[in-house]
Amino acid sequence: MKNKIMALGLAFSALCSLNAAVVTFEDVDLGSNKYMEPAVQDQTATYDWSSGNVAYFSYDYTWWGSYSSWQGFKVSKDTDTSTKDYTNQYSSITGSGAGGSSQYGIFYAVSSNMTLDSSTGVATTDMSIMSFEEEVQISSIDLVNTTYSYYSMLEGDGYAASPITGSDYYMNLIIYGIDANGDVSDMITWSMGNGEKISDSWETVDLSSLGGVIALGFAIETNYTSDYTQYGSGICANYPVYVAFDNIAYNVPEPSTYALIFGALAIAIAVFRRRKSA
């Protein structure tokens, strides 16, 4: 009897034994490019891609006739930490991925037509979604500013007349957990920059409070905006809305764990029945 009870305890302990994995983006083949580029430069399209055989992403590419724009998620291995303007959209401020890795993700949220909370003056971009092949217990993610967003907040530029340092302005990345029902389970807010600090080194952000998710939603909020409604662009962020990300850590139960649990349940039922009949 004692051995059976011990086996039951071990089995339920195994419920907490999960298969840990990390999406590192090192498996995405960029060829000779520094970052993801569309197959056809003059054609509007949505490009889907994946990493780690579990995480799925996309970016929308729009051709406007003489220039292009994009939004969503891309992979980069750009190392440019000195070019401060919009021509440098794809480099982290560290010039590498987390821990010095060569490849990492770039998130860009469209900075126009943001949703403005008139009571707080905070505007939020639309959400972009990354999804998983199955429900996972999300653990953490590494985050840092891009070179472009970092220097815009640090020094100001043609769009951001005021540097963020010493001001009341701020910009945050919001990460939403999306559960199996498609509902937002919770959200984590990470500071890209505020009056006291601007992110300039990779930081591991705990996402475990989001629980079991089938997707993550990314959006950016800021209280430093301009109103370009008369030009058709609505409320726009003044600082560039880019974030570099890497090492999405998650856990999934191993098949052997389920077998052990079901075996333990069978033992528990047998023990209960014997004790009841005694």
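**Asp-142, a salt bridge and the nonpolar core**

The side chain of Asp-142 makes a polar contact with that of Thr-204 at 2.5 Å (N or O atoms within 3.5 Å, within protein one able to donate a hydrogen and the other to accept it, with residues adjacent in sequence counted only if both atoms are side-chain atoms). The model is predicted, with local features requiring pLDDT of at least 70 and side-chain atom pairs pLDDT 80 or more, while totals for chains, interfaces and linings use all residues. Residues are numbered from 1 along each chain as its sequence is written, and side-chain values use heavy atoms, leaving out hydrogens and water.

Asp-142 lies in strand S8, residues 128–145 (strands being DSSP E runs of at least two residues, helices H or I runs of at least four). Asp-142 is buried without a salt bridge, and Lys-197, the nearest side chain of opposite charge, is 13 Å away. Buried means under 20% relative accessible area, exposed over 50% and partly exposed in between, with a 1.4 Å probe and protein chains only. Among the residues that Asp-142 touches are Trp-202, Phe-245 and Asn-247, leaving aside those up to four places away in sequence (contact: heavy atoms within 4.5 Å).

The whole structure yields 1 salt bridge (a side-chain nitrogen of Lys or Arg within 4 Å of a carboxyl oxygen of Asp or Glu). Glu-155 forms this bridge with Lys-84, their closest N and O atoms 3.1 Å apart. The pair, 71 residues apart, links helix H2 to the loop between strands S4 and S5. Glu-155 is partly exposed at 41% relative accessibility, as is Lys-84 at 39%.

Terms used. Lys and Arg count as positive and Asp and Glu as negative; His and the chain ends are not counted.
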